[in-house]
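Here are a few notes to read alongside the model. Take them in order, with the structure open next to you.

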Amino acid sequence: DGGGKVHGKVGFGVQDEEEPILEYDGKEKALVLEDTKVGSLATLVNIVKNGLTTGVLSMPYGMNEAGVLGAALCLVVLTIMQYVGGIQIVKCIRYVRGDTFKKSCSLWTAIGLQAYGLAGEGVVLGSLIVTLVGVIAAQLILTAETLENMVPAVGFRLWVLIVGFPVLALSLPDDLRAVAIMSSAGIVVVLGAYIYIFYFGFITFEVNIEDGDMLFNKQLASFVGIAAFSDGVGIVLPPFYQRMSKPHHVRSVLLSSQLILSSLYFILGYIGFMLFDSDSSGIPSNILLVLPLETFDSYIVQSALV
């Protein structure tokens, strides 16, 4: 009824006789943490920055692999899937009991625990570990690849070890208000770096797009993988939603973030593909590798983006 505590049946067919479940907060039936409440705008910024990680460096390459029309169609489908999936995640969160949440290590695993017991918790935990290991590996590989391009003497493997520590350290802050400030700065750096890359491509190469490039290419799966990897809203949505001061805004925040990310993916991918398609060496999987190493501003851009 929008207030107080609820007993009886809750989601996934779980019967609760006397144990209280989550407190209802305002208009939404959401498990809300009292600490580090963040507004809807900060949540939107955090989700958008989460989607603007190292994956965006591969967008021009993915566009080249899929074709412009194929990439656009993929982004439309992925946007719908991410939004619908995000709403389903929110619905699952609303069914999580307070005691179940306390027993589990995260809100994600609490959903699995309440749905299917320890087996469900184990499956969710395993999926999270595999996903996070993959994300961290991609971050380390692309970052170390860029640093090796700048300072080859250090070597790729040593760069992986060096950048691993700050990557893990930057994952520790739990105050989402502070993270939102970091995210805002990160968005500026990413878009600023791309503007510089596009400027370099504009003055260096001639735009030469063939009609066939505008349609579908056989390597459509490459772009799907890059875009799906970049936009990991499903992983970050539970903790962000859990700390929203106005959780009833989650639908508009989720839809807005997905539209912004898909638009940026297409714009960055298309312009990068259009500018660097005429390069004789082709479009690299890491767009930073097209920049020359002889100029100081190129070093600044690559260092800032790293």
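1. Let's begin with cysteines. This is a predicted model, and the disulfide count in it comes to zero. For a pair to count, the two sulfur atoms would have to lie within 2.5 Å.

2. Two cysteines are worth finding while you're there. Cys 74 is buried, with a relative accessible area of 9%. Cys 92, on the other hand, is partly exposed, at 23%.

3. Now for the overall layout. The chain has eleven helices and two strands. Reading along the sequence, you meet the two strands and then the helices, in the pattern β-β-α-α-α-α-α-α-α-α-α-α-α.

4. How much of the chain is buried? Of its 306 residues, 46% are. As for the outside, the chain exposes about 15200 Å², and 67% of that comes from carbon and sulfur atoms.

5. A word on how the chain meets itself. Take the contacts between residues at least 6 apart in sequence: 76% of them join residues at least 24 apart.

6. One helix to look at is α9, which runs over residues 233-242. Is α9 mostly covered or mostly open? Mostly covered, with eight of its ten residues buried. Those buried residues are Val 233, Gly 234, Val 236, Leu 237, Pro 238, Phe 240, Tyr 241 and Gln 242.

7. So what covers the buried residues of α9? The cover includes α1 (40-51), α3 (68-94), α4 (98-103) and α5 (107-150) from earlier in the chain, along with α7 (176-204) and, further on, α10 (250-276).

Note on methods:
Residues are numbered from 1 along each chain as its sequence is written. This is a predicted model: local features need pLDDT of at least 70, side-chain atom pairs count only at pLDDT 80 or more; totals for chains, interfaces and linings use all residues. Side-chain values use heavy atoms; hydrogens and water are left out. Helices (H or I, at least four residues) and strands (E, at least two) are DSSP runs, numbered from the N terminus. Buried means under 20% relative accessible area, exposed over 50%, partly exposed in between (1.4 Å probe, protein chains only). Contact means heavy atoms within 4.5 Å. Accessible areas come from the Shrake-Rupley method with a 1.4 Å probe; for residues, only the protein chains shown count as cover.
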